[in-house]
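Thanks for coming, everyone. I'd like to walk you through one structure this morning. Have a look at it first.

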Amino acid sequence: MEALQIFVAIFILALASPLTFASDPSPLQDFCVAINGPKGSVFVNGKFCKDAKLAKADDFYFSGLHIRKNTSNTFGSTVTPLNVAQMPGLHTLGISMVRIDYAPNGGLNPPHTHPRASEILFVLEGTLHVGFVTSNPDNRLISKVLYPGDVFVFPVGLIHFQYNIGNTYAVAFAGLSSENPGVITIANAVFGSNPSINADILAKAFSLDRKMVKNLQSKF
């Protein structure tokens, strides 16, 4: 009986381990090129898969991450994603990446979170102040100033940011542990939800005057 209990415990741990170490399910085939329609395809992990015999090099290819993006916007930054939407061959592989361009003197990738992925950031150009905040109750800020060649990791689900403290453009590339990591920009979600969150709720949650909350909501 004891041996059976040990076997069952090991079996359960074996089933749980893939969920522990990966955001996306492990693929059961070489690849699953995502397509929009069901004709001649199968449905896997939220996408239809092209017949593997019809896969071509362009399904696994993307060009353009070498191009500097326009950062003339509110935050002074632009994120160029490369996930399953841009490269269908990423489907079921559990990875994606982004290029991030930051304007000089304060370009900001504002506080946000990826609900389905951890992120590893590599600085190519410039000087970035980066950080993330741990979960309740500590809410501890862990931050660092990064220079070209430096790498920093943001754990899955935690609020994080990057801020250009240099007087030149900055560029970073990041890998994420999901084909579709998702992104929730905190200010947009809280003050720009559709429909709006009741201003009294936000006023109490953030210890703000109700008029201030309504003013903030009007900006999103």
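Let's start in the sheet. Strand β8, residues 128–133, pairs with β11 in the antiparallel sense, over 5 bridges. For one example across that pairing, take Val130: Gln162 in β11 stands opposite Val130.

A word of caution before I go on. This is a predicted model. Its mean pLDDT is 88, and 83% of the residues reach 70 or more. Where is pLDDT under 50? It stays under 50 over residues 11–22. For that stretch the model has 0 contacts beyond four places in sequence. Where pLDDT is low, the predicted coordinates should not be read in detail.

Back to β11, residues 160–164. On another side of the story, strand β6, residues 108–113, is joined to β11 by 3 bridges, and the two run antiparallel. Leu108 has Tyr163 in β11 as its bridge partner. Is β11 enclosed or open to the outside? Of its 5 residues, 4 are buried, so β11 is largely enclosed by the rest of the structure.

Now the whole sheet. How many strands form it, and in what order? There are 5 strands in an open sheet, and the order is β9-β8-β11-β6-β13. The pairing is antiparallel. The edge strands are β9, residues 141–146, and β13, residues 184–185, and each pairs on one side only. Between β8 and β9 there are 6 bridges, again in the antiparallel sense. Leu128 finds its bridge partner in β9, at Leu146.

Next, another strand pairing. Strand β7, residues 119–125, is joined to β10 by 4 bridges, and these two run antiparallel. The bridge partner of Ile120 in β10 is Val153. In a regular strand the side chains alternate between the two faces of the sheet. Look for that in β10, residues 151–154. Phe152 and Phe154 point to one face and are buried. Val151 and Val153 point to the other face and are not buried.

On to the disulfide. The count here is 1. Which cysteines form it? Cys32 and Cys49 do, with their sulfur atoms 1.5 Å apart. The torsion about their S-S bond is about -60 degrees, so this disulfide is left-handed. The pair links distant parts of the chain, 17 residues apart. Cys32 is in the loop between α1 and β1, while Cys49 is in strand β3, residues 47–49. Both Cys32 and Cys49 are buried.

Now the largest pocket. Its volume is about 310 Å³. It is lined by 19 residues, and the closest to its centre are Val79, Pro81, Val98, His114 and Val183. Which strands each supply at least two residues of the lining? They are β4, β5 and β6. Of the strands, β5 gives the most, with 4 residues. Notice that β6 is a link to what we saw earlier: it supplies the pocket lining, and it also pairs with β11.

One last residue, Thr71. It lies in the loop between β3 and β4. Is Thr71 buried or exposed? Its relative accessibility is 7%, and buried means under 20%, so Thr71 counts as buried. What does Thr71 touch, leaving out residues up to four places away in sequence? Its contacts are Gly76, Ser77, Thr78, Asp101, Tyr102, Ala103 and Tyr169.

That's my tour. Over to you for discussion.

Terms used: Residues are numbered from 1 along each chain as its sequence is written. This is a predicted model: local features need pLDDT of at least 70, side-chain atom pairs count only at pLDDT 80 or more; totals for chains, interfaces and linings use all residues. Side-chain values use heavy atoms; hydrogens and water are left out. A disulfide is a pair of cysteine sulfur atoms within 2.5 Å. Buried means under 20% relative accessible area, exposed over 50%, partly exposed in between (1.4 Å probe, protein chains only). pLDDT is the predictor's confidence in each residue, from 0 to 100. Contact means heavy atoms within 4.5 Å. Two strands pair if DSSP finds at least two bridges between them. On a 1 Å grid over the protein atoms alone, a cavity is a set of points where a 1.4 Å probe fits but cannot get out, and a pocket is an open set with protein on both sides within 12 Å along at least five of seven lines; lining residues have an atom within 4 Å of a point. Grid points are joined across faces, edges and corners, and a volume is the space filled by probe spheres set on the points.
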